[in-house]
Amino acid sequence: MVMVFHEEKEGKDIMHLGKSKSKNSVSLYVLKSTYEYGFHSTKIVEKLGTTEELAKKLNGEDPIEWAKKYIEELNRKEKEEKKEIKATYSTSRKISRNENRTFNGGYMFLDPVLNELGIHTICRNIKKRHHLDFNFDDILCKLIYIRLINPSSTLSYHDSASLFLEQPDFTPRHVEKALRVLSEEADYIEQQLFENIRKTYGHHLTYLYYDTTICLYDSYARQSADHVIPMEIYYDADMMPLGYKINPDHLSSQPNSDIEEELIRNFDITRVISQSDGGISAAGSDTFKDWNIPNTHVTSMPSSMLDPIQKKEANNPSGWNCSDLPGTFNLKELRLEQEIQNPSRFYWKEMNQNDGQRVILCYSMSDALRARTIKELYILHNPNVLPAITNQEKTWSKDVIAFVTNLHDENPVRIVRNGLFRNQVHQNFRMLAMEFPAVSSSLSESEMINAHFITCYCALCVYCAFMKDLDLYDHAPHIQEELSKINFMKVAQEGYVPLYTPNTFTDHLHERIGYRTDFEIISTKQISKIMRNSKRKSYIEKEEETEN
């Protein structure tokens, strides 16, 4: 059948009624005439149904007349949303004391991922099981947003949550109760995320990434010096998190967790790739733990830990390969503006050690600048923890990273890509684990640790799923920074004015999520609609709708 539309009326950007006649029925559509790039066109906004279907639903009302009224109402609402808004400001009227007028909206782009991971359902189950009389869901979601958007905040959980467009639906006292529940339910949350990631993305477990690191935290409970907590994280072959384990008591050995037992029992894993930092051994044996699975390793270390021959090569600016350009390059000739515009670009060269190990040297200007910024921010808030680095010589040679590995069958570019991704995650999440916001001393140290790390792990799952859904691996070094910049100023009784600079990253976000926030001003009704829509859908559902 060839569909021919008969339009009731024309008008640029005005919705109107369209009819499509077939042999046995007449279908009604909401159409819109548009003019883009020098061409007139008509697009379908909504399919209303056939006249026969509508007649049954409308209790005798004429389908054509109903459709015209319906479209008239749509046009009225759209006109209202597109109205010009004028706000007046006075040079003599003071701002109310303690009035916050600037809010972050970057978290709204994370909402669909929380749907995909089933976090809202997890929270409802926990609330029901514990008979909670407060919004546990809102607390956990806000904690995740804080971890991903404002990790260096020195404010309390509640005050940090108040910096988002949607104000917290809980009190500081509720936060303390929620942390205790999070501690108790940490294993349940981890297991549910494992299952939900499997259902949504599948577990790609031809091989397994095993990651060991250490996290620092300040113990408010004992008012003691910094503590170190060893942490292990498992990822599948796509670098999607599977589970984690912490060892705050520094036990020499720990039993397998439920997730570890499931990995051993239900998956045919051909090998494990153990990833660690220099000084943290994760590759002491050819067999991984007691799993009877071959163990390979990738160890990352700074240039300061290399031997003299390797250091000499790291300091040699010439002979570097590029991840996305042919030929060899001299690092002294790189242009800052070009490197910043290509955040996924890195340079590498490979050496072989006498013991057969591969040493892959890597330099990424964007990653180096970001790592330096994070370190300086941390020192700014914790001046006694690490020596100041502001007087340190800031040359490219100081930022070379080495990846030492026995993976002889793996492409060096892939090894470096995974290593840089892993380092970016650790720079983010190790920093997250450095501080506990001051909460009531009624929480034990064990409860604080468990609650903190399960929240960090939830944030890690959201972070990785967000990158996977939107194919943002090239933006990985600055995702958090970009989300933190998506701020809005509240205009009383009118709406919100975007304060961020639109760029390719925000364009990509808007395109994938299906709404835009980069208008001169967004009315209060529009922002409420955006909030509702972002919470209802997932990126996967949006993609399926587009395909259909």
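**Charged pairs and a negative patch**

Let's start in helix α8, where Glu195 and Arg198 both sit, three residues apart, or about one turn of the helix. In this predicted model, the two side chains form a salt bridge, with their closest N and O atoms 2.9 Å apart. Side chains of opposite charge can pair when their charged atoms come close. Arg198 is partly exposed, because its relative accessibility of 35% falls between the limits for buried and exposed.

Helix α8 covers residues 186-201, and Asp187 belongs to it as well. Here the picture changes: Asp187 is exposed, with a relative accessible area of 63%. Together with Asp258, Glu261 and Asp290, Asp187 forms a negative surface patch.

Now follow the chain to a pair in other elements. Lys245 forms a salt bridge with Glu260, and their closest N and O atoms are 2.7 Å apart. Lys245 lies in strand β8 (residues 241-246) and Glu260 in helix α9 (residues 258-266), so this pair ties together parts that are 15 residues apart in sequence. Both partners are covered: Lys245 is buried at 10% relative accessibility, and Glu260 is buried at 1%. The pair also has company, since Lys245 and Glu260 are linked with Glu232 and Lys289 in a network of salt bridges.

One more pair is worth a look. Glu350 and Arg358 meet through their side chains in a salt bridge, at 2.6 Å from N to O. Glu350 is partly exposed, with a relative accessible area of 34%, whereas Arg358 counts as buried at 7%.

If you would like to keep exploring, a search of the whole structure finds 19 salt bridges.

Definitions and conventions
Residues numbered from 1 in each chain as written. Predicted model: local features only at pLDDT ≥ 70, side-chain atom pairs only at ≥ 80, totals over all residues. Heavy atoms only, no water. Patch = residues over 30% accessible without salt bridge, like charges linked within 9 Å, V, L, I, M, F, W, Y side chains within 5 Å. Areas by Shrake-Rupley, 256 points an atom, 1.4 Å probe, with all protein chains shown as cover. Salt bridge = Lys/Arg side-chain N within 4 Å of Asp/Glu carboxyl O. Lys, Arg positive; Asp, Glu negative; His and termini not counted. Charge placed at Lys NZ, Arg CZ, Asp CG, Glu CD. Helix = DSSP H or I, 4+ residues; strand = E, 2+ residues; numbered from the N terminus. Buried < 20%, exposed > 50% of the residue type's maximum accessible area, 1.4 Å probe, protein only.
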